[in-house]
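This report covers the internal spaces of one protein model and a few of the elements around them. The sequence and structure come before the discussion.

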Amino acid sequence: MTNSSAAGVRQIALDHPFDDQKPGTSGLRKSSRQFETPHYLESFIEAVFQVLPGVVGGTLVVGGDGRYGNAGAIGVIARMAAAHGVAKLITTTGGILSTPAASHLIRQHQAIGGIILSASHNPGGPDGDFGVKVNGANGGPAPESITDAIYGATKTLSGYRILEGEAEAHGLNLASPGSCNLGTLQLEVIDGVDDYVALMQRLFDFDQIAGLLKGNFPVAFDAMHAVTGPYAARIFEGLLGAPAGTVRNGKPLEDFGGGHPDPNLTYAHDLADLLLKGDNYRFGAACDGDGDRNMILGHNCFVNPSDSLAVLTANAKLAPGYAAGLAGVARSMPTSAAADVVAKELGLPCFETPTGWKFFGNLLDAGQITLCGEESFGTGSDHIREKDGLWAVLFWLQILAQKQCSVADVMANHWGSFGRHYYSRHDYEAIASDAAHGLYDRIKAMQPALLGQNFAGRSISTADDFSYTDPVDGAVSTGQGLRLLLNDGSRVVLRLSGTGTQGATLRVYLESYVPATGNLHQDPQLALGDLITAIDQLAEIKTRTGMEHPTVIT
Ligand code: VG1
Ligand code: CO
């Protein structure tokens, strides 16, 4: 049922509100099929427009990682923005906009926020996933107060407002830069790469990195047929003079070429093989679907993301953008304490936040931290309010250009100075929801009785469900992961993913510290072997999930 109100604006009534639009760790993420349900996308966007401050007369940024549904969603959002009195909508050619580039555009244009169309590292295509991420005026993921309010709005929604007629009929053309009007909305299509690249040139010494790449330093970058292809081609093969072919899988495809655009050793194994088994490359890197994650590899050397944050912290002054030093550093709770050790040595404040980039926003805005990171291949800084894959790659290249050594040397020297946090994450994906929650709730209930118990030859000194009080605004977030901290500083953490779309995903995080004088060159799975066995026995992981091995080991 529809009826008309203001010129060209239709009010579409919903028979009943959707009840499954709760944003997870990083926005609303569902199957593409679910998003194709009539009114589904529109319902969520209506809730966003009802909740986001400053919509009437404001500027909004929209774009996505190019997956199936991207361009269509931009048209819908443009029509709904017009119907809600947004003054200006900025999008990009092809609708291609990485998450970090979107964060930058929001800040640069003093927009009220942005809508990023991505399910990040989840596969795309008609049988894959789609997602909507909502960012605020600081350029970062909306805080829980906003996402909770959006969810609240979706549950009571009776309809939504949208401009009549297809967006293309109003002049929307994503093929090239230009502008048009949808009712009172001014819509601008700009190049999505230019501003981001200019920002990178302010932070890093491109001449020095180009010098490194011109020497005997072959690099392989895997864009995984996702959003970073155009950015990486411009940066590496254009500005830095790397040979053509340096950027692999550089064309964004609606289904990411059937792949899983998650830069880890399992899903980016082609790249991993080039670096870990072959001899032709000195440096390798990959980014995820929406360009905010990064994997760093050297010849015969995989850099654990927790270690990567620690290395960037220790060497930050080598990059021009950070030459003045850091205000502080933060990591998510499941991320290893490698960065903490560096921060302590440098006399820097160090914060531990829950999983998800939205928790770094206040600390960055308040100037309390400069760098932050997560174990899930996310690193970033105060240059924007999202994690930034290509930024991390450039930062590593800057460090290597300065030090003139291999990635493996950087790691060996780092551990030799600070000791090593052996670390691994085991993911059990797509397990039955009941089994996952049963396992998790059981350990949670057991926690009080676990204190002082023996665990892998150590004693359990803390057993809790992590909760966080934001040091800036005092907001409290509970239920952020079950921690078993052991008396020798090692630990195991259990979490259920908030980004999966099939069943549940159990994440098991394992960590143990060896000082600089200890054995620094073991296989992490062996170094953590006793913890792995102990948590399986305690949580009955294999029996309860029915899985003999994790889906992904990092
Ligand atoms: C995962 C990661 C988390 C990250 C989130 C979003 O969440 O563990 O560290 O912030 O994905 O990343 P979860 O709830 O599945 O563990 V992205 O690249 O999807 O924006
Ligand atoms: Co991502």
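What follows describes the cavities and the largest pocket of a predicted model, then one helix and two buried residues.

## Cavities and the largest pocket

Rolling a probe the size of a water molecule over the atoms shows where empty space is left. Four cavities of 30 Å³ or more are found in the structure. The table lists the two largest of them together with the largest pocket.

| Space | Volume | Nonpolar lining residues | Polar lining residues | Charged lining residues |
|---|---|---|---|---|
| Largest cavity | about 380 Å³ | nine | 14 | twelve |
| Second largest cavity | about 50 Å³ | two | two | five |
| Largest pocket | about 950 Å³ | seven | 18 | eleven |

The largest cavity has a lining of 35 residues, and Thr25, Ser26, Gly356, Lys387 and Thr499 are the ones nearest its centre. At least two lining residues of this cavity come from each of strand 3 (28-31), strand 7 (129-135), helix 5 (144-156) and strand 27 (504-514). Strand 7 provides the largest share of that lining, with three residues.

The largest pocket is lined by 36 residues; nearest its centre are Gly24, Thr25, Leu496, Ser497 and Gly498. Strand 3, helix 5, helix 15 (433-450), strand 26 (491-496) and strand 27 each contribute at least two residues to the lining of this pocket. Helix 15 gives the most, five residues.

Thr25 is named among the residues nearest the centre of the largest cavity and among those nearest the centre of the largest pocket. Strand 3, helix 5 and strand 27 likewise each supply at least two residues to the lining of the largest cavity and at least two to the lining of the largest pocket.

Where does the second largest cavity lie with respect to domain 2 and domain 3? Domain 2 (196-418) and domain 3 (420-553) both give residues to its lining, so this cavity lies between them. The lining consists of Asp262, Asn264, Arg293, Glu375, Phe377, Arg425, Asp427, Val552 and Thr554.

## Helix 13

Helix 13 spans residues 389-403, 15 residues in number. From its first C-alpha to its last, helix 13 reaches 21 Å, close to the 21 Å expected at 1.5 Å a residue. Is helix 13 largely enclosed by the rest of the structure or largely exposed? Of its 15 residues, 13 are buried, so helix 13 is largely enclosed by the rest of the structure.

Both ends of the helix have a local feature. At the start of helix 13, aspartate 388 places a side-chain oxygen within 3.5 Å of the backbone nitrogen of leucine 390. Just after the helix, glutamine 404 adopts a positive phi of about 50 degrees.

## Two buried strand residues

Valine 132 belongs to strand 7, the strand with the largest share of the lining of the largest cavity. The relative accessible area of valine 132 is 0%, so this residue counts as buried, the cut-off being under 20%. Between valine 132 and isoleucine 90 there are 16 Å from C-alpha to C-alpha, at a sequence separation of 42 residues.

Glycine 380 sits in strand 19 (residues 378-381). Glycine 380 also has a relative accessible area of 0% and is therefore buried under that cut-off. The C-alpha atom of glycine 380 is 37 Å from that of glycine 452, and the two glycines are 72 residues apart along the chain.

How values were computed. Residues numbered from 1 in each chain as written. Chains lettered and ligands numbered in written order. Predicted model: local features only at pLDDT ≥ 70, side-chain atom pairs only at ≥ 80, totals over all residues. Heavy atoms only, no water. 1 Å grid on protein atoms, 1.4 Å probe; cavity = no way out; pocket = protein on both sides within 12 Å on 5 of 7 lines; lining within 4 Å. Points joined across faces, edges and corners; volume = space filled by probe spheres on them. Helix = DSSP H or I, 4+ residues; strand = E, 2+ residues; numbered from the N terminus. Nonpolar A, V, L, I, M, F, W, Y, C, P; charged D, E, K, R; others polar. Domains from an automatic or database assignment. Expected span 1.5 Å × (residues − 1). Buried < 20%, exposed > 50% of the residue type's maximum accessible area, 1.4 Å probe, protein only. Polar contact = N/O pair within 3.5 Å; in protein donor to acceptor, adjacent residues only side chain to side chain.
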